[in-house]
Amino acid sequence: MVQNIFRSGFLVRVSHTVLTFLITLVLFLHNTDLRRDEDQGEFLGPLLFFLLVMGSVLLYLTVSLMDPGFVLTDTGKVLQCSDEEVESMVPRSLTPRLRRCGYCLLQQQPMRAKHCQTCKQCVRRYDHHCPWIENCVGERNHRWFLVYLLVQLLVLLWALHIALSGFSPSASWQLWLRANGILLAALCVVTVCSLVTLLLLGSHLYLVSINCTTWEFMSRHRISYLKGCGNEANPFDRGVVCNLWAFFCMCRTVAWEQVYLTNLKGDGVSPSTSLSLTESCPL
């Protein structure tokens with residue numbers, strides 16, 4: 001039972017939530033700007049900060065619990081869905097052959113999908129498996145993952161400012177450490193989390209702007225449908241504006257085989273070449 005709880009991500013989510021509220025409590029109890037505003041009867045700032053913290057926790061739980069875009073393992077449903085997606089937009093003669101997953105034995109793995117060995121399922125437009133949320137980041141929850149990172153970064157930067165306002169001077173460093181030790185520990189945690197979140201948000205925004213996933217960026221040399229496109233070419237890139245618009249504003253399953261073939265034909269690559277690039281399963 002303990003292993004099942006750990007594998008489901010329960011301990012990770014509880015630890016994240018408890019740590020968030022512990023740091024928030026420290027910021028409210030110490031002589032910070034929040035505490036001084038409360039003493040002066042100004043509750044707008046503390047209320048907004050608390051609501052922002054609650055929003056980040058709710059977004060965290062939403063992203064960690066939602067379906068990232070698992071591909072159905074029912075062969076009949078997958079075949080039907082793939083046929084409808086591809087046949088409606090791509091001529092049958094140009095339809096690329098969908099790959100077979102060697103782990104979950106999925107007969108037709110959509111392009112840009114990858115099997116996650118932690119989740120034991122294939123994920124559409126797989127980006128990465130995030131141990132922070134104990135869930136995959138894929139087609140359905142990637143945009144919410146970025147929204148969560150943005151809100152979390154705002155909370156952390158505000159918390160960093162609040163923590164710096166709470167340190168009180170003392171006659172000696174021993175007395176200073178005794179009076180500010182807990183607040184200093186909270187400041188260290190907030191600083192590290194702020195740097196990690198900033199790096200994550202910046203890297204993901206860059207990858208989204210070029211319509212590339214973390215997996216494709218890190219493992220380009222091992223992915224069959226990217227090997228023949230050159231070192232820098234991205235067959236899914238439709239321009240920064242279109243990439244950002246499609247990512248944040250279009251909530252639907254995309255037939256990446258269609259995008260792939262359209263861009264390759266626009267670059268002067270023959271359909272037969274593109275077909276050969278999509279037959280083998282990427283590792």
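In the predicted model, H16 is a residue of helix α2. With a relative accessible area of 12%, H16 falls below the 20% limit and is therefore classed as buried. The side chain of H16 is joined to that of W132 by a polar contact of 3.1 Å. When residues up to four places away in sequence are set aside, H16 touches Y60, W132 and Y148; W132 is thus both a polar partner of H16 and one of the residues touched by H16.

H16 also belongs to the lining of the second largest pocket, for which a volume of about 290 Å³ was computed. This pocket is lined by 20 residues, and those closest to its centre are H16, L19, T20, Q152 and C193. Two or more lining residues are contributed by each of the helices α2 (10-29), α4 (44-65), α6 and α7 (173-209). The greatest contribution comes from α2, which supplies 8 residues. By class, the lining of the second largest pocket comprises 15 nonpolar and 5 polar residues, and charged residues are absent from it. C193, one of the residues closest to the centre of this pocket, has a relative accessibility of 27%; this value lies between the limits of 20% and 50%, so C193 is counted as partly exposed. H16, by contrast, is buried.

The largest pocket has a volume of about 380 Å³. Its lining consists of 22 residues, and A246, M250, R252, V254 and W256 lie nearest the centre. The elements that provide two or more residues to this lining are α6 (142-164), α10 (240-249) and α11 (256-266). The lining of the largest pocket includes 10 nonpolar, 6 polar and 6 charged residues, whereas that of the second largest pocket has no charged residues. Helix α6 gives two or more residues to the lining of the largest pocket and likewise to that of the second largest pocket.

The cysteines were also examined for disulfides. A disulfide is a covalent bond between the sulfur atoms of two cysteines. The structure holds 0 disulfides. For C119, the closest cysteine sulfur is that of C136, at a distance of 3.5 Å. Because a disulfide requires the two sulfur atoms to be within 2.5 Å, the sulfur atoms of C119 and C136 are too far apart for a bond.

Definitions and conventions: Residues numbered from 1 in each chain as written. Predicted model: local features only at pLDDT ≥ 70, side-chain atom pairs only at ≥ 80, totals over all residues. Heavy atoms only, no water. 1 Å grid on protein atoms, 1.4 Å probe; cavity = no way out; pocket = protein on both sides within 12 Å on 5 of 7 lines; lining within 4 Å. Points joined across faces, edges and corners; volume = space filled by probe spheres on them. Helix = DSSP H or I, 4+ residues; strand = E, 2+ residues; numbered from the N terminus. Nonpolar A, V, L, I, M, F, W, Y, C, P; charged D, E, K, R; others polar. Buried < 20%, exposed > 50% of the residue type's maximum accessible area, 1.4 Å probe, protein only. Polar contact = N/O pair within 3.5 Å; in protein donor to acceptor, adjacent residues only side chain to side chain. Contact = heavy atoms within 4.5 Å.
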